[in-house]
Protein chains: 2
Amino acid sequence: MPPQLVRVQHFAISLDGFGTGVGQSLEQPFGHAGERLHGWMKNTRWARPLFGLTGGSAGIDDALLRTFDVNIGAEIMGANKFGPPGWHENPDWKGWWGDNPPFHTPVFVLTHHPRPSIAMEGGTIFHFLNASPEEALAEARKAAGGKDVRIGGGVKTVRSFLEAGLINHMHIVLVPVVLGRGERLWEGLEDLEKDFDIEATSSPSGVTHLMFMRKG
Amino acid sequence: MPPQLVRVQHFAISLDGFGTGVGQSLEQPFGHAGERLHGWMKNTRWARPLFGLTGGSAGIDDALLRTFDVNIGAEIMGANKFGPPGWHENPDWKGWWGDNPPFHTPVFVLTHHPRPSIAMEGGTIFHFLNASPEEALAEARKAAGGKDVRIGGGVKTVRSFLEAGLINHMHIVLVPVVLGRGERLWEGLEDLEKDFDIEATSSPSGVTHLMFMRKG
């Protein structure tokens with residue numbers, strides 16, 4: 001059996017390193033960034049059906065997006081990815097993604113306000129943990145059935161797993177916009193490159209895919 | 001005659017957007033960044049002779065570096081590019097580049113401590129101006145003989161010309177390192193992408209070349 005990896009999948013950031021803007025709300029999950037960080041994604045054949053659309057590009061962006069759930073057995077996400085500020089005060093909140101979320105695996109939501117697990121259509125089960133990255137990863141590894149664990153974001157969650165040295169493979173998508181404000185992915189990660197082999201490839205859409213592969 | 005453009009040439013920044021580190025000194029022109037931002041450059045056939053070396057790569061990095069002085073008639077640089085902190089107190093300081101600097105044109109150094117111009121070997125003439133970006137550009141345009149004007153850096157100088165809307169074409173080189181500290185190129189430039197068409201291409205060396213072409 002191949003080793004069980006911890007992976008970040010096509011995580012988009014701006015030129016100035018922001019993975020989300022300021023002012024997150026129910027209407028604006030990425031705050032003032034709007035759809036600027038993810039426009040490249042919405043134009044692909046992989047993503048358009050998620051929005052009830054057909055067609056789209058089938059090039060490098062699409063091909064890389066199709067690795068999203070390849071050999072992924074569980075996801076860990078931060079509270080800000082699961083819902084807007086205050087979601088924990090709404091007992092009916094079940095995430096942004098409708099009845100059939102695109103995960104189809106156990107998903108561990110890191111929160112200071114745990115609640116009972118929620119089984120959704122299509123195999124997604126949301127679990128709620130008040131836990132450190134290491135503790136959450138131990139749970140997710142068990143739930144992943146030998147497959148890899150995706151660290152799904154947002155910025156603070158990816159950063160905390162990087163700081164803890166727990167990421168094996170990370171796919172970052174650099175989008176040519178300058179957001180100016182928000183959460184910086186690279187904050188506190190000086191010299192991160194020493195731990196990774198890094199490849200970059202630009203797409204005709206204008207984004208650049210950066211692959212970080214942990215050394216050794 | 002083609003229009004006289006204002007250009008930034010292969011200006012290197014880190015993943016976290018720093019164009020230089022902290023602690024600039026005579027020994028460390030880029031501070032704690034050391035040579036990490038420019039290692040890709042030193043491996044090219046274009047750059048190796050500057051360091052008394054031969055050989056090197058002749059691929060995309062080298063080809064782009066060879067546009068360095070194509071149709072450039074003058075450069076504007078900031079005080080921190082011309083010398084380490086305090087250079088203006090040394091009447092004999094003539095820049096980092098020896099007797100024959102690689103510019104071969106008039107170079108306008110922005111400083112609060114102007115001094116008489118210095119003619120070097122090979123056609124470089126350093127002029128010293130206490131001036132705004134607009135004022136310096138007017139001088140440089142006149143001196144450039146109809147050719148383009150290079151904005152040579154450092155970070156604050158490039159940023160001040162971007163803020164003033166004076167850059168027509170900008171070539172940024174994204175280097176896969178996380179410096180953590182230094183001068184941020186994108187600071188204060190929110191929504192910069194609205195003014196530019198942007199292309200990106202990654203090189204096998206690991207850097208990504210970003211071309212900003214002003215719209216309209």
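Two residues are taken to be in contact when heavy atoms lie within 4.5 Å. By that rule, the contact between the two chains takes 27 residues from chain B and 27 residues from chain A. The structure is a predicted model, in which local features need pLDDT of at least 70 and side-chain atom pairs count only at pLDDT 80 or more, while totals for chains, interfaces and linings use all residues. Residues are numbered from 1 along each chain as its sequence is written, chains are lettered from A and ligands numbered from 1 in the order in which they are written, and side-chain values use heavy atoms, with hydrogens and water left out.

We can begin with how the two chains meet. The size of an interface is often given as the accessible area lost when the parts come together. Here, chain B and chain A bury about 2100 Å² between them (accessible area, 1.4 Å probe, lost on being put together and summed over both). Carbon and sulfur atoms carry 56% of that area. On the chain B side, Leu15(B), Val178(B) and Glu190(B) lose the most area to chain A, together 27% of what that side buries. Charged pairs also appear at the interface: the rule finds 8 salt bridges across it (a side-chain nitrogen of Lys or Arg within 4 Å of a carboxyl oxygen of Asp or Glu). A salt bridge joins the side chains of Arg36(B) and Asp191(A), with 2.8 Å from N to O.

The arrangement of the copies comes next. Chain B can be laid on chain A with an RMSD of 0.0 Å by a turn of 180° and a shift of 0.0 Å along the axis (least squares on the C-alpha atoms of residues with pLDDT of at least 70 in both). The two copies are thus related as by a two-fold rotation axis. In chain B, the C-alpha nearest that axis belongs to Ser202(B), at 2.8 Å. Because 100% of the interface residues of chain B are also interface residues in chain A, the copies meet through the same surface.

Within chain A, 9 strands form an open sheet in the order β5-β6-β4-β3-β7-β1-β8-β11-β10, with mixed pairing. Helices (H or I, at least four residues) and strands (E, at least two) are DSSP runs numbered from the N terminus, and two strands pair if DSSP finds at least two bridges between them. Strands of a sheet pair through backbone hydrogen bonds, either parallel or antiparallel. The edge strands of chain A are β5 (118-119) and β10 (196-202), each of which pairs on one side only.

Strand β7(A) is mostly covered, with 6 of its 6 residues buried (under 20% relative accessible area, 1.4 Å probe, protein chains only; exposed is over 50% and partly exposed is in between). On one pairing, 2 bridges join β7(A) to β1(A) in parallel, and Val6(A) stands opposite Val149(A) of β7(A). On another, 5 bridges join β3(A) to β7(A), again in parallel, with Ile76(A) partnered by Ile151(A). Strands β4 (residues 106-110) and β6 (residues 125-129) of chain A are parallel as well, over 5 bridges, and Phe108(A) stands opposite His127(A) there.

Just before β4 of chain A, Thr105(A) sits in the loop that follows α3 (79-82). At 9% relative accessibility, Thr105(A) counts as buried. Beyond its neighbours within four places in sequence, Thr105(A) is in contact with residues including Ile72(A), Glu75(A) and Ile125(A).

Helix α5(A) lies across β1 (6-14), β3 (72-78), β4, β7 (148-153), β8 (169-175) and β10 of chain A, running at about 135° to β7(A) (axes are lines fitted to C-alpha atoms, for helices over the stretch in contact, and angles run from 0 to 180 degrees between N-to-C directions). Ser160(A) belongs to this helix, residues 155-163, and is partly exposed, with a relative accessible area of 21%.

In chain B, strands β8 (residues 169-175) and β11 (residues 208-214) pair in the antiparallel sense over 6 bridges, and Leu174(B) has Thr208(B) as its bridge partner. Ile198(B) is found in strand β10 of chain B. Its C-alpha lies 4.7 Å from that of Phe212(B), although 14 residues separate Ile198(B) and Phe212(B) in sequence. Leaving aside neighbours within four places in sequence, the contacts of Ile198(B) include Leu210(B) and Phe212(B), together with Pro176(A) of chain A.

Terms used
Buried area = accessible area lost by both parts, 1.4 Å probe.
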